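I opened the model to look up its packing and its chain contact. My entries follow.

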Amino acid sequence: MTAIEMPGLALVPRTDEKQSAKDFKTDQEVRWCPGCGDYAILAAVQGFLPELGLRRENIVFVSGIGCSSRFPYYMDTYGVHSIHGRAPAIATGLAVSRPDLSVWVVTGDGDALSIGGNHLIHALRRNVNLKILLFNNRIYGLTKGQYSPTSETGKVTKSTPLGSLDYSFNPVSIALGAEASFVARTLDSDRKHLTEVLRRAAAHEGTALVEILQNCNIFNDGAWEPLKDANTSDDYLIRLEDGEEIRFGKDREKVVVRGDGGHIVVANADEVDPSRIIVFDSHAKDPGLAFALSRLAHIHSLADTPIGVFRDVARPSYDRLVREQVEGVIESQGPGDLQALIAGKDNWTVS
Amino acid sequence: MVRAPGVGIGAGQGETVTAKATDQAQAGKSIVPLGHVVIRFAGDSGDGMQLTGDRFTSVTAGLGNYLSTLPDFPAEIRAPAGTLPGVSAFQLHFADHDIMTPGDRPDVLVAMNPAALKANLGDMRPGSDIIVNTDEFTKRNLEKVGYAANPLEDGSLDAFAVHEIALTSMTVEALSSFDISKKEAERAKNMFALGLLCWLYSRPTEGTLKFLRAKFAHKPDILAANIAAFEGGWSFGETTEAFSVRYEVKPAKMVPGTYRNITGNPALAYGLIAASRQSGLPLFLGSYPITPASDIIHELSKHKNFGVVTFQAEDEIAGIGAALVASYGGSLAVTTTSGPGIALKSETIGLAVSLELPLLVIDVQRGGPSTGLPTKTEQADLLQAMFGRNGEAPVPIVAPRSPGDCFDAAIEAARIAVTYRTPVFLLSDGYLANGSEPWQVPDVADLPTIEPGFATESNHVDEDGNPEFWPYLRDEETLARPWAVPGTPGLMHRIGGLEKADGSGNISYDPDNHDRMVRLRQAKVDAIARTIPPLDVDDPSGEARVLVLGWGSTYGPIGAACRLVRESGHAVAQAHLRHLNPFPANLGEVLRSYDRVIIPEMNLGQLALLIRGRFLVDAIGYNSVRGMPFASEELAQVFNDVIESL
């Protein structure tokens, strides 16, 4: 059991039984390609869930279609493998009608941002109590290698032999623009960071969007390599920590500062006035800084890519508001009387 | 002002009526009893004709008349004023005996402007009455609808009894002492017309006054003006020479009970709430606004004290998706839409077939294809409901036959969905949704119980003898699978749209398993027929050689047509399908016991296609897709022609 407050799980029944990762594994053979980043994420989720101490039967994984969406079959909880792109909408029905459930959505960059873009933004704006894990590998895997909405422009794939022409989406920017109350980015291969982000997402009341940079070793191998390679990651990755200056680089020599025009830039620490170095706060009411940070990364080179929780603010969840509205009406009007309802006010009697 | 003084406003000619002057009424005008009357209120979209019709209907229902109504309005909220596309109409048929339709043709047309006259004149019989608002017959308004000359002056209406009344200016005059603008005064002209018609047909005023007081409780000036306009219309009737007599339609003899007037959409909403109560399952509606289904979400969202959750989703797909998985969580899940919405929901209906979860899919049909005729009725989604999915994906279908019947149809759809763990289509239509009839309010103690029968324990043992849960281990009788909701210990399971192994529900691509699962899903839907009552045939003489088979909202027009046929001395049998998939078990036998089967439909023969395919019966289709219900005289002619050909 964790010491942190978990308003997002306040109504989910707990168990005193000791759980382990093994309790969350099913007897189904995992059918991802050997070497797929999904294995690491599955292991991290199965390893992390026991610490929440929830009754397993009150956890539900809902997915759409795609490689990542096979996830529910491997979790010994309740689960629904649904329709391409629709998981956020589908899971909304469960979160709204069953406050005693911890509802997780597993999706990918094609599923969430292409065919399901509409559902994703509406779940975020409503702040439904869902934890959305978006596995971003910048490619379509299950359909065997077409470019995705997060692929970099110019991507050569089976459907774009001359290079893709589409400009790419940035999942964190989209989520922030869609009024998300919790937005984070993490890496499939960084178990510790991934687990910490999952922990905060689980605790959050409302929609938590977690972008997990995930490697498809078959169709887009090494897509995030500069962020993972021990030789380069310190220079490329910006780890956001609440209350800390935003610093990175092998010798922590690079900082993020406010530029003159109100924008933010990366600078050498010894070349700037220390008072201009940004101290990060994921709880800031204004999403401006979080959005600016989401724009920092270079789409192609991946230089200056922040990871961590960009935004974590309290806003009543949609499902709570729905519940309170229903309960409020029952309290003020009394429970419904079906006979009175169907008889209406304008009726007459024939004897 | 009055063109035809002393000419009484008449009664319908389609059904038997006696009309003769009797009592002396106040102001020296006699009251003439009528058997039934069809009135059509027609005006500009902004003239308040739907409200006027609704109010007249409400007081008429309160008087105990049988009635049937047909609102007919354009899809545009306010088309340009005074134009033909902007005409909105409301037809009401009321009687001292039971009637089945809103009437083929009006006996009385109230035309608030030249456009309303022009759009509706073609439906009027010679000799019928037309009340026109002369104030609107200006040169400009006449030109707008292509009248070269004023029809009130050129003799083109000589065949009708025309009552020329300056409705607008008299309303403005009646309200001259009120502190409201001229425009606001003019807007009350529908209340003046309502007052006049209420006087003419001896309708009580109290109900309308009560309604106005509630509607304008926070606008005292507007309230006073509307009441003055309504009373002004009533007084005008009493004093004018335009009407020498007034009429009454006596209450009809009805089965004892409590009655109310009801339109189909609220009845359907009540049926859903009743099904929720009778099953003990909380009601979850996932929906997206679409004409003519939106009134269902409007109605349900007013009744949250029944524990109803209404979710207005971002689109049709989200609406049904949220509903489907609310069902996984143990709600009575519903999605409501019209034909274009069904097209968007098809993939999720397919998933519901695969997941085998209860789900009500309500399609209030409208004219198609595509956006089609949003405010007009049609029955052309039957084959979409039947077949509109990829793969073999059978879905049960039920259809209500009248506005009040939407209540029972909703409960029946819920019974099938919950009992058999399946999506169920309920096919209403625009005519049922917006049309009204008196409805005998059921006693809720008599409503059927629906048993969810949630799974609570394991149903299988694994190779090592340990208990386990198989989500696709079926009930032998119903072939339904167990419904185990999240939160139930020990029954954790995963389901999805991939083919599942028979029993265990694990993903399976095995060819024989797929063949078996496809057949099992079909067999489960077929098995529902065992719980459907046999098809009832109405053949009073027992000598009919021709059967008329219908489904959905054609029940009233077909029934009225059969009465006309029988009155003309012929025998005809009528049967009406509540269940379209599966059909009642005795349908084939019924069809084969008649020499001819006629199937009237507001489509190009969709039920006929199913009947011919399933039973090899050479059914004769009679089809119309005009966005309007069948006229009973038209159908009677068709039936008589077939009968006489034998």
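Which residues is Val210(A) in contact with, leaving aside its neighbours within four places in sequence? I found Ile132(A), Leu133(A), Leu134(A), Ala184(A), Thr186(A), Val197(A), Leu198(A) and Ala201(A). Contact here means C-beta atoms, placed from the backbone, within 7 Å.

Ground rules, noted early. This is a predicted model, where local features need pLDDT of at least 70, side-chain atom pairs count only at pLDDT 80 or more, and totals for chains, interfaces and linings use all residues. Residues are numbered from 1 along each chain as its sequence is written, with chains lettered from A and ligands numbered from 1 in the order in which they are written.

Next, the cores. I looked up the largest nonpolar core (buried Ala, Val, Leu, Ile, Met, Phe, Trp, Tyr and Cys joined through C-beta atoms within 7 Å; buried means 20 or more other C-beta atoms within 10 Å of the residue's own). It holds 213 residues, and Val62(A), Val210(A), Leu360(B) and Ala410(B) touch the most other members. Helix H14 of chain B (residues 405-420) gives this core its largest share, eleven residues. Helices are DSSP runs (H or I) of at least four residues, and strands (E) of at least two. I also noted a second, separate core of 65 residues, with Leu167(B) and Val172(B) among them.

Then the chain contact. Chain B puts in 56 residues and chain A 52. H11(B) gives the most to the chain B side, nine residues.

Last, the strands. S12 of chain A (residues 347-350) runs antiparallel to S9(B), joined by four bridges. Pairing takes at least two DSSP bridges. I saw Asn347(A) opposite Arg260(B) in S9(B).

Notes: A residue is buried if 20 or more other C-beta atoms lie within 10 Å of its own, exposed if 12 or fewer, and partly exposed in between; C-beta atoms are placed from the backbone. Two residues are in contact if their C-beta atoms, placed from the backbone, lie within 7 Å.
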